[in-house]
Amino acid sequence: MEIDVLMGPAEFERLAGRELPGVVCVVFDVLRATSTAVTALTNGAEGILPVATVDEALAAWRGDPDLLLAGERGGLRIGAEITGGREFDLGNSPREFGRDRVGGRRIAMTTTNGTRALRACAGAERVIAGSFLNLGAVASACLRAGAEKILLVCSGTGEATALEDALAAGAFCERWMGRGDFGDAAWLVWEAWNVAKSDLFGAMGRAKNARRLRSIPELSPDVELCLRVDCLDGVPCLGRDGWLRMGEGAAVPRGLDPGRDSS
Ligand code: MLT
């Protein structure tokens, strides 16, 4: 099985609209979209519709007013000044997606990079939302999937590569060591992970998105929260209908409910 890495938007945008038979895409947006998605689904959300724009999210909500609207621009919850009226119900912090808030609900979600990356991969045989939180579960699900190729898709920050996504891809490669045929980019992220893994939190001092989140007091705790490795067992998969739902290995949190303490 071939394993390769797309380092950011310039690479993953080329996938948009293409059929990718035999390919499993694992999309990483560690800070924070895919970490938030696995948290929400673990906490009982029925499904998440990742959409690229605020207008698409609003259109989905008009078609189904029971939908919760979630997402960020500049890291902050989308407010009335952006939508022209309807404030979003949730931002993009995993701490907001507790069972009390999202249990049994469907959510339309738009974030700067993560939902865009998920959408770009829609032609793959399987699209999985990966993060440090569910890393082991995702690595095992890929093993069982028996695909010809695994593409690790780093969502990035803006138009650039994001260190935290590359490190998560490297951590995934570590789990696959000796099992896959690594492309050069896979070796590159694996090397980076080996340098950073003894102090992942410290490494975030060099990551642009982490520094931005840390500079906003109400979002700062998200960085540490999203760096916890293997605390969730769910594997969110994108369906052909465009909805992200728990796939195989679903919803078995190891006694953790990262959203539980949210207000
Ligand atoms: C994104 O999708 O670009 C990120 O999740 C941004 C964020 O940290 O909210």
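Visitor: Which residues come nearest to the ligand, and what makes a residue count as near?

Guide: Asp29, Arg32, Asn92, Thr111 and Gly114 come nearest, of 13 residues around the ligand. A residue is near if one of its heavy atoms lies within 4 Å of the molecule. The model is predicted: local features need pLDDT of at least 70, side-chain atom pairs count only at pLDDT 80 or more, and totals for chains, interfaces and linings use all residues. Residues are numbered from 1 along each chain as its sequence is written, and side-chain values use heavy atoms, with hydrogens and water left out.

Visitor: Why is the pair formed by arginine 32 and the ligand called a polar contact?

Guide: A polar contact is a pair of N or O atoms within 3.5 Å. An N or O atom in the side chain of arginine 32 is 2.6 Å from an oxygen atom of the ligand, so the pair qualifies. For the side chain of asparagine 92 the distance is 2.8 Å, and for a backbone N or O atom of asparagine 113 it is 2.9 Å.

Visitor: How much of the ligand does the protein bury?

Guide: The protein buries 98% of the 270 Å² that the ligand exposes when taken alone, by the Shrake-Rupley method with a 1.4 Å probe.

Visitor: What makes phenylalanine 132 a contact partner of Trp193?

Guide: Contact means heavy atoms within 4.5 Å. Phenylalanine 132 touches Trp193, and its other partners include Val30, Leu167 and Cys226, not counting residues up to four places away in sequence.

Technical notes
Polar contact = N/O pair within 3.5 Å; in protein donor to acceptor, adjacent residues only side chain to side chain.
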